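Trainee: I have this model open on my screen and would like a close look at a single part of it. Could you take me through the pocket and then show me how the surrounding elements fit in?

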Amino acid sequence: MKRLQAFKYELQPNGEQARSMRRFAGSCRFVFNKALAMQKAIYEGGEKKLGYAGLCKELTTWKTQPETAWLKETHSQVLQQSLKDLERAYKNFFDKRADFPRFKKKGMGDSFRYPQGCKLDQSNSRVFLPKLGWLKYRNSRDVLGTVSNITVSANGGKWFVSIQTEREVEQPVHPATSIVGIDVGITRFATLSDGSHIEPLNTFRKHQQRLARYQRAMSRKTKFSSNWKKAKARVQKIHTRIANVRKDFLHKTTTTISKNHAIVCIEDLQVRNMSKSAAGSSDSPGRNVKAKSGLNKSILDQGWFEFRRQLEYKQVWLGGDVLAVPARNTSRTCPACGHVSADNRQTQAKFACVDCGYENNADVVGAINVLERGHRLLACGELAQSGRSVKQEPAEATTQGLALV
């Protein structure tokens, strides 16, 4: 099977290279925004939007115009990749996978991509990028496979290079044979159907007060002044640390779960809808806005979407599977008698069936019901093509590499 994998490293550019990368990122942002504005104007005029080929012709015209002749300083294929990103964003919108494309803002996701023409010298920890030359990078691990494209991005005042590769690997066979159900939550990050659970990290909550203090200090500075830029760098540093700590926690958690279970059953949660604001509008104001805002903050702090994304690709790499089951009433259904009632869940943590008297932790009940619904999908032939037999394993099998409470 073909495996696509990216290897990300921190770049160590000199002053001239750093200035050129900022200029390249700015040019890509300008091309993206200009093309998006043109597409919106064409749509409002009742005409059919331009495709990628039509946008490339417009790009050639922009390079010949005196006011935008500076676009020639950036590699042509890098600018074309911005137009491809816009085309992909439109396709995702029409396929209802994403919102309508938005204009890019300076300092938010600055990046550019090389589809070809790059060279990698791993022995000397350097990479060659057209119009930038050789750049040193922190070589923390070997790059495996053939390089297909390279993306340069800025984050937290540092530059990073992401090397996309592809290689052929043997069809993996998962070392485990167990199946597990997982219920995600706020008080407990993840509860497994074997009774174990993983405590949440709450990295944003730990840095919230410090972040607010630096943001207040930044708001008192004159915008774009030297002191304002220093204050902004401090705020960015905190945001970067929050993101890195959360990402590290999710990678360790998902790696442990995927290594110990051949099939993982999770709830098919729509995190975007769950974390929408309840403020409403002036005509129809929302209720319990402050409480819902705190809940939204806690949901986004857990990283449920990223948790599922990592589980899915790691299971594919290991030869396992992830089953997303309907989430309706998983914490209100009694696993003993099947009785469904809101009264079964007396508190946030306690479950007590009003019909048969079964009692357990509500999150454990949710994980058991998720597992049971996963078994139903298997019985319906969801994974019949794999031919794998699964069994339930004891809780101690899930403790490899991560302390589960």
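Mentor: Happily; we will start at the pocket and then follow the elements that line it out into the sheets and loops. Please keep in mind that this is a predicted model.

The largest pocket holds about 2200 Å³ of space. Its lining is made up of 43 residues, and those nearest its centre are Gly107, Met108, Gly109, Asp110 and Ala154. Several elements supply at least two lining residues each: helices H1 (15-44), H5 (226-260), H7 (289-302) and H8, together with strands E6 (146-155) and E7 (158-168). Helix H5 gives the largest share, with 9 residues of the lining.

Let's take the two strands from that list. E6 and E7 belong to an open sheet of 7 strands, which has antiparallel pairing and the order E2-E6-E7-E1-E5-E4-E3. At its edges are strand E2 (111-114) and strand E3 (119-121), each of which pairs on one side only. On average, neighbouring strands of this sheet are turned by 30° against each other, direction ignored. If you trace one pairing in detail, choose strand E1 (residues 2-12) and strand E5 (residues 133-137), which are joined in the antiparallel sense over 2 bridges. Leu11 has Tyr137 in E5 as its bridge partner.

Helix H1 and strand E1 also bring us to a record. UniProt, in an unreviewed entry, places the feature "domain: Transposase putative helix-turn-helix" at residues 1-48. In the model, the chain over residues 1-48 is 62% helix and 23% strand, with its end C-alpha atoms 39 Å apart.

Now for helix H8, another of the elements that line the pocket. Helix H8 (residues 304-318) lies across E8, E11 and E12, and runs at about 160° to E11. Those three strands sit in a second open sheet, where 5 strands follow the order E10-E9-E8-E11-E12 with mixed pairing. Strand E10 (197-198) and strand E12 (321-325) each have a single partner strand, so one side of each is left without a neighbour in the sheet. Further in, strand E8 (residues 179-184) and strand E11 (residues 263-267) pair in the parallel sense over 3 bridges. There, Ile179 has Ile263 in E11 as its bridge partner.

A second annotation from UniProt, also from an unreviewed entry, reads "domain: Cas12f1-like TNB" and covers residues 304-370. Over residues 304-370 the chain is 36% helix and 16% strand, and the end C-alpha atoms lie 16 Å apart.

Finally, two loop residues deserve a look while you have the backbone displayed. Lys96 is in the loop between helix H3 (76-94) and E2, and has a positive phi of about 60° although it is not a glycine. Its side of the story is an exposed one, with a relative accessible area of 77%. Asn202 is in the loop between E10 and helix H4 (203-219). Asn202 is not a glycine either, yet has a positive phi of about 50°. At 15% relative accessibility, Asn202 counts as buried, because the cut-off for that word is under 20%.

Conventions. Residues numbered from 1 in each chain as written. Predicted model: local features only at pLDDT ≥ 70, side-chain atom pairs only at ≥ 80, totals over all residues. Heavy atoms only, no water. Pairing = 2+ DSSP bridges. Helix = DSSP H or I, 4+ residues; strand = E, 2+ residues; numbered from the N terminus. Axes fitted to C-alpha atoms, helices over the stretch in contact; angles between N-to-C directions. UniProt positions renumbered as here; feature names shortened; annotations may be inferred. Contact = heavy atoms within 4.5 Å. Buried < 20%, exposed > 50% of the residue type's maximum accessible area, 1.4 Å probe, protein only. 1 Å grid on protein atoms, 1.4 Å probe; cavity = no way out; pocket = protein on both sides within 12 Å on 5 of 7 lines; lining within 4 Å. Points joined across faces, edges and corners; volume = space filled by probe spheres on them.
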